[in-house]
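Thanks for coming. I will go through two ligand sites and then two chain interfaces, and I will keep it brief.

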Amino acid sequence: MEALATRAWEAVAGLYAGLRVTFRALVGRKNTVMYPLQKVNVAPRWHGLLALPVDPETGSDKCIICFQCERVCPDRCIHIEAGGKGKDRLLTRFDIEMDKCCYCGLCVEVCPTEAIVFVPHYETSTYNRANLVYDLDDLRRAAPKEPIAHGVVAMRGRP
Amino acid sequence: MSWALVERLRERFPEVEPFPREAPHEAGAPVGRPGRHEARGPTYHTPGAFVPAARLLEVARVLRDEAPFGLDYCSFVTGVDRPEQDLVEVVYHLFSMDERHELLLKVRVPRRDPRVPSVSALWPAANWHEREAYDLLGVVFEGHPDLRRIMMTDDWEGHPLRKDYVYQEPRWLVDLGAQRQREIEGLRLGDRA
Amino acid sequence: MALRTEELMLNMGPQHPSTHGVLRLVVTLDGENIVDVVPDIGYLHSSVEKMMEYRTYLQNVALADRGMDYLTALANEEGYLLAVERVGRIEVPPRARYLRTIMLELQRLSSHLVWLGTWGIDLGATTVFLYCFRERERILDLFEQATGGRLHHVYFRPGGVYEDLPDGWTDRVLAFCDEFLGRVDEYHELLTGNPIFLARVQGVGVLPRDRAIAMGACGPVARASGVDFDVRKAFPYEAYGELAFDVPVFQEGDCFARYRVRMEEMRQSVRIIQQAIAKLPDGEIRSKVQVNVKLPRGEAYARTESPRGDLGVYLVSEGEDAPYRVKIRAPSFSNLFALTEMMRGWKVADVIAILGSVDIVLSDVDR
Ligand code: SF4
Ligand code: SF4
């Protein structure tokens, strides 16, 4: 009988200790974000979407067509082609297959002119795999090709 | 201190051949450049020895049970395929939990028919590691209680970590992939973009 | 009249949520008692060792990060790079060593939090999961600020780390550490005092010391069985030799001991982080190593203490810009083998408690 009473007391005490923690969390600071309606901010170093942003001074990107990023990429997902000679050398193709990219950032690291950078986007999912191949225009635009989450927000946010 | 252990092992078993000792590193040698190192043999940073396959069990038993060795822990068993020498090196890493010393054992076996006695009776931990080496490199461990493939499926062909291994997609997988692709295209998912 | 009984073979997994991934356990039961357990693995095998033979040393950092244990990306990088640096005799500047230490310990915290949370769910304590993930989220935010990645960082490089810390990062880490110690006490309050939890884990799944060594158990599992071995203490790497911390060791070898080892390890990790930040030296963060570095011929076995145990990388270089052979000695692989030993003789209801207490990650088991 004695032992049963002790065990019952222990069970109640354990339950009480647990509920105290729960209660503290209940009245404490909120930790969640209503995601598609509210966006979270990402850190400046965020490995998000790759881009070749346009330099406002020259009106073009800073790529000097050195092929270093293509060579260092572990997934071999960057494809560069260039035409012309010397000063007239021109990028004819700069494709990144974002479905293969593992966001390792090695291409950003080796680029001598900081032409290729990460931009803080994280909603790059799409309905079609073909939309994950980013060509030169997409990369210069530095934005996801198919902003799906907007659709979600519009629907959920309707009053 | 573990190199001293290798010496003790050699005293005990003269046919054991210690790894060539690490040449002291010349100060100022460029980092990560082969060049001068190339002519030399490989540098062994972890102490160990080559053991003939026929003596392996005997050596292993002494290493586990007798002072000063007392290597009671088997970290891993694996293999290195060396087609140009027509060899497979079976590598054992042993460690002593009490003395804190370690030892690598290497057994060289012919590539065509690699067979070594299993040490899983001495170190039960070697059981799965030997299965893995069998699966990925095709080394046969004689006397192993349960030598089956562990990583690949039971009907897999070839041993993937061999240097000359070529992956070929089985016919059924190719057909299935094509079928899936046709189904997905039928859904016309991308048109929404 | 004697009842006719026979043994029952029960398949758990590979799609069982409590097996923490795609693990299949073939359990032989005699009534409720476990007669034998045969884990069947390989569903997640990704052939990292083979892929590493075709990539340069730098590219392999990204691969080690992703291809192995997905909860401890930095610990994987560390294991791989330690072997590379040993073979290539690459120096790591002091500041980089401290940065790595801080990151590794944060990684340990985040990994143990996932373990505690998921184990809590296994045992029916769902709230613990939410609390653990709340704290883990803050660690991931800290990682994100410093490395740019939340789970996969690719932050370490041969001979150092990629970037220096952002401004004010260490203060945020210290603030988190202070708060976190209180949180660990909170978890203790939730679990250790709970009689239901105790009844499910205390004395369950005992692994004696000699069996733990023979079966190759490592890390917290071995330390809960009385094996006083921690690579950070026995073979100090990075800055661990210069920092004071204790290695918790318990003799009981049951699930509760494994729980206590990890809880204590979290406290010690906080201690290491605080010391490392206080001692953080200035200076270089990366020694000069070419992008496609070629290592001299040689081979080395480097061992590190990943959150799951003794993570070793055996690297053979033949003077090329890619490794000739990499063998990853995964801690989960060895611990999972010891599982059979722990489970024999217990009830089928204990399978989940024991499996969770071992803390396996299937991508680490299969590689
Ligand atoms: S982030 Fe890594 S995987 Fe992606 S494109 Fe750059 S180098 Fe390739
Ligand atoms: S590394 Fe930079 S400059 Fe060179 S090709 Fe790539 S993006 Fe252009």
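The space that ligand 2 takes up is the largest cavity, and I should say at once that this is a predicted model. Twelve names make up the surroundings, so I will read them in groups. The cysteines around ligand 2 are A:Cys63, A:Cys66, A:Cys69 and A:Cys111. The isoleucines around it are A:Ile64, A:Ile65, A:Ile80 and A:Ile116. Then there are A:Phe67, A:Phe94, A:Pro112 and A:Thr113. By class, that shell has eleven nonpolar residues, one polar residue and no charged residues.

Next, ligand 1. The space ligand 1 occupies ranks as the second largest cavity. Around ligand 1 we find the cysteines A:Cys73, A:Cys77, A:Cys101, A:Cys102, A:Cys104 and A:Cys107. The other residues around ligand 1 are A:Leu50, A:Pro74, A:Asp75, A:Ile78, A:Tyr103 and A:Gly105. How many nonpolar, polar and charged residues does the shell around ligand 1 have? The split is ten nonpolar, one polar and one charged.

Now the interfaces, beginning with chain A and chain C. The contact involves 30 residues of chain A and 29 residues of chain C. Between these two chains about 2,400 Å² is buried, and carbon and sulfur atoms give 52% of that area. Which three residues supply the most of what chain A buries against chain C? They are A:Val21, A:Arg45 and A:Glu109, which together supply 27% of that area, more than any other three residues.

One of those names comes back in the salt bridges. The rule finds four salt bridges across the interface of chain A and chain C. A:Arg45 meets C:Glu163 through their side chains in a salt bridge, with 3.6 Å from N to O. Polar contacts between chain A and chain C come to 13 residue pairs, both residues at pLDDT 80 or more.

Last, chain B and chain C. Here 56 residues of chain B touch 54 residues of chain C. The buried area between chain B and chain C is about 4,600 Å², with 57% from carbon and sulfur atoms. For salt bridges between chain B and chain C, the count is seven. In one salt bridge the side chain of B:Glu102 meets that of C:Arg303, at 3.8 Å from N to O. The polar contacts between chain B and chain C number 23 residue pairs, again with both at pLDDT 80 or more.

Note on methods. Residues are numbered from 1 along each chain as its sequence is written. Chains are lettered from A and ligands numbered from 1 in the order in which they are written. This is a predicted model: local features need pLDDT of at least 70, side-chain atom pairs count only at pLDDT 80 or more; totals for chains, interfaces and linings use all residues. Side-chain values use heavy atoms; hydrogens and water are left out. A residue is near a molecule or strand if one of its heavy atoms lies within 4 Å of it. On a 1 Å grid over the protein atoms alone, a cavity is a set of points where a 1.4 Å probe fits but cannot get out, and a pocket is an open set with protein on both sides within 12 Å along at least five of seven lines; lining residues have an atom within 4 Å of a point. A molecule sits in a cavity or pocket if more than half of its atoms lie within 2 Å of its grid points. Ala, Val, Leu, Ile, Met, Phe, Trp, Tyr, Cys and Pro count as nonpolar, Asp, Glu, Lys and Arg as charged, and the others, Gly among them, as polar. Contact means heavy atoms within 4.5 Å. Buried area is the accessible area (1.4 Å probe) that two parts lose on being put together, summed over both. A polar contact is a pair of N or O atoms within 3.5 Å; within protein, one must be able to donate a hydrogen and the other to accept it, and residues adjacent in sequence count only if both atoms are side-chain atoms.
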